[in-house]
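Visitor: I am new to this structure and would like a close look at a single part. Please take me through the sheet and whatever lies around it.

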Amino acid sequence: MNDDVLRVDGLTRRFGAVVANDDVSLRVRPGAVVGLLGHNGAGKTTLVSQVVGLLRPDVGSIRVGGVDAVAEPATARRYVALQPQGQAPIDGLTPRSAIEMSGRIRGLSPSAARVAAESLAEELDIGEWLDRRALPESRGLSGGIRRLTAFAMAVAAPTPLVILDEPTNDIDAARRRLLWQAVRRRGDAGAGVLLVTHNVAEAERIVDDLVVLHRGKVVAAGSPARLRGTTGSDLRLELQFAPDAVDLEAADGGPLPFPIRRTVRSGRRVLHTVATDAAAAAVTWAATLRERELIDGYALGPATLEDAYLALTSSDVDEAEPAPTGTEAAHV
Ligand SMILES: Nc1ncnc2c1ncn2[C@@H]1O[C@H](COP(=O)(O)OP(=O)(O)OP(=O)(O)O)[C@@H](O)[C@H]1O
């Protein structure tokens with residue numbers, strides 16, 4: 001089908017010796033929320049900058065709403081709204097005036113822009129700040145309210161494609177939940193949404209598909225269930241090591257009394273993926289490590305997408321066997 005609202009093919013962008021995007025391809029269909037995940041420096045913002053015409057690719061093509069965004073960036077830009085990664089420059093404005101102004105720039109009538117500001121303030125629970133002025137040096141409005149205002153500015157008028165670059169930074173947990181729901185609603189209303197985030201656990205609940213970038217390359221793509229790459233009944237045993245634990249291998253590297261499907265090391269955490277029937281043995285073993293003060297603590301719960309994401313983007317992974325995902329890109 002060629003009704004993609006965003007289609008990126010073979011995109012490569014270098015900065016000197018750094019290959020920030022390396023043969024990246026992805027697509028976003030109308031009504032789909034696609035999460036773009038990756039660590040710092042993975043190349044996410046470079047990709048977004050090319051889609052909105054702020055950077056030119058070295059190689060590859062970008063189509064936004066069917067328009068060649070490399071050849072005709074100004075035309076393509078009409079189909080896309082962007083919430084950039086940094087704070088929106090709204091000093092001197094109130095959230096209400098900033099949201100209304102964005103809506104007006106995107107073609108809303110004055111009355112439609114007023115209605116949009118009111119309804120977004122309600123949707124995001126920022127009504128109490130709607131008429132408070134943002135002042136220089138981050139005064140007047142908190143970082144979180146500024147981020148929510150920037151989101152409202154991006155979606156004040158509907159566009160076929162919405163790109164959100166880390167929209168949840170600085171936002172408290174309750175309003176983050178409202179924001180995720182608002183993002184999902186934009187997809188349900190028919191927009192294609194490209195959502196750049198580090199927040200794997202929260203994004204998992206609202207995205208249709210995920211694309212994982214690692215060092216400029218797409219290392220996995222597909223639905224959250226496909227990327228999770230474990231059977232529905234798998235569990236995750238998380239071990240937390242003390243800051244002064246010097247020999248992680250000695251603590252957890254011996255023969256284990258149960259089979260482990262996958263192990264990922266992430267800082268002071270070690271995440272083992274285990275089958276449900278190994279739960280009792282896993283807890284007994286972890287409790288012993290805890291008693292011997294080799295670990296600070298442990299937790300056993302359902303395997304999550306975060307485990308799979310860390311496995312895809314970490315160089316410190318042991319796989320017992322190839323991940324049973326059926327995806328062509330579920331390995332690095
Ligand atoms: N203007 C630039 N000049 C030189 N190098 C750049 C430039 N912009 C990005 N890079 C480099 O390209 C790589 C990808 O950066 P990019 O900002 O796209 O990553 P990111 O995934 O958005 O990271 P973050 O999550 O930290 O925002 C990094 O190595 C970065 O240092």
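Guide: Two residues are in contact if their C-beta atoms, placed from the backbone, lie within 7 Å. With that cut-off, helix α1 lies across β3 (33-37), β6, β7, β8 and β9 (209-214). Its direction is about 150° to that of β7. The model is a predicted one.

The sheet itself is open and has 6 strands, in the order β6-β7-β8-β3-β9-β10, with mixed pairing. At its edges are β6 (80-83) and β10 (217-222), each of which pairs on one side only. On average, neighbouring strands of this sheet are turned by 15° against each other, direction ignored.

Two of the pairings show what mixed means here. Strand β7, residues 161-165, pairs with strand β8, residues 192-197, in the parallel sense, over 5 bridges. Within this pair, I163 stands opposite L194 in β8. The strands β9 and β10, in contrast, run antiparallel and are joined by 5 bridges. There, L213 has V218 in β10 as its bridge partner. These two strands form a hairpin with 2 residues between them, and R215 in the turn has a positive phi of about 50°. In a regular strand the side chains alternate between the two faces of the sheet.

A second helix belongs in this picture. Helix α6, made of residues 173-188, lies across β3, β7 and β8. Its run is at about 150° to β8. Both α1 and α6 therefore lie across β3, β7 and β8, by the contact cut-off of 7 Å.

Helix α1 also takes part in the surroundings of the ligand. The ligand is surrounded by F15, V18, A20, G38, N40, G41, A42, G43, K44, T45, T46 and Q85. Two elements, β2 (18-28) and α1 (44-51), each supply at least two residues of this shell. Of the elements, α1 gives the most, with 3 residues. By class, the residues of the shell divide into 4 nonpolar, 7 polar and 1 charged.

The other end of the sheet leads to the second domain. The domain assignment gives domain 1 as 6-226 and domain 2 as 228-319. Their C-alpha centres lie 34 Å apart. Where the domains meet, 12 residues of domain 1 are in contact with 7 residues of domain 2. On the side of domain 1 that touches domain 2, at least two residues each come from α7 (200-203), β9, β10 and α8 (224-228). That side has 8 nonpolar, 3 polar and 1 charged residues. The hairpin strands β9 and β10 are thus among the elements that supply this side of domain 1.

Further along the chain there is another hairpin. Strand β12, residues 262-266, and strand β13, residues 269-274, pair in the antiparallel sense over 5 bridges. V264 stands opposite L271 in β13. The hairpin has 2 residues between its strands, and G267 takes a positive phi near 60°.

After this hairpin comes helix α10, residues 279-291. Its 13 residues, at 1.5 Å a residue, should span 18 Å, and its end C-alpha atoms are 18 Å apart, so the two values agree. Just after α10, E293 takes a positive phi of about 60°.

How values were computed. Residues numbered from 1 in each chain as written. Predicted model: local features only at pLDDT ≥ 70, side-chain atom pairs only at ≥ 80, totals over all residues. Near = placed C-beta within 6 Å. Helix = DSSP H or I, 4+ residues; strand = E, 2+ residues; numbered from the N terminus. Nonpolar A, V, L, I, M, F, W, Y, C, P; charged D, E, K, R; others polar. Pairing = 2+ DSSP bridges. Axes fitted to C-alpha atoms, helices over the stretch in contact; angles between N-to-C directions. Domains from an automatic or database assignment. Expected span 1.5 Å × (residues − 1).
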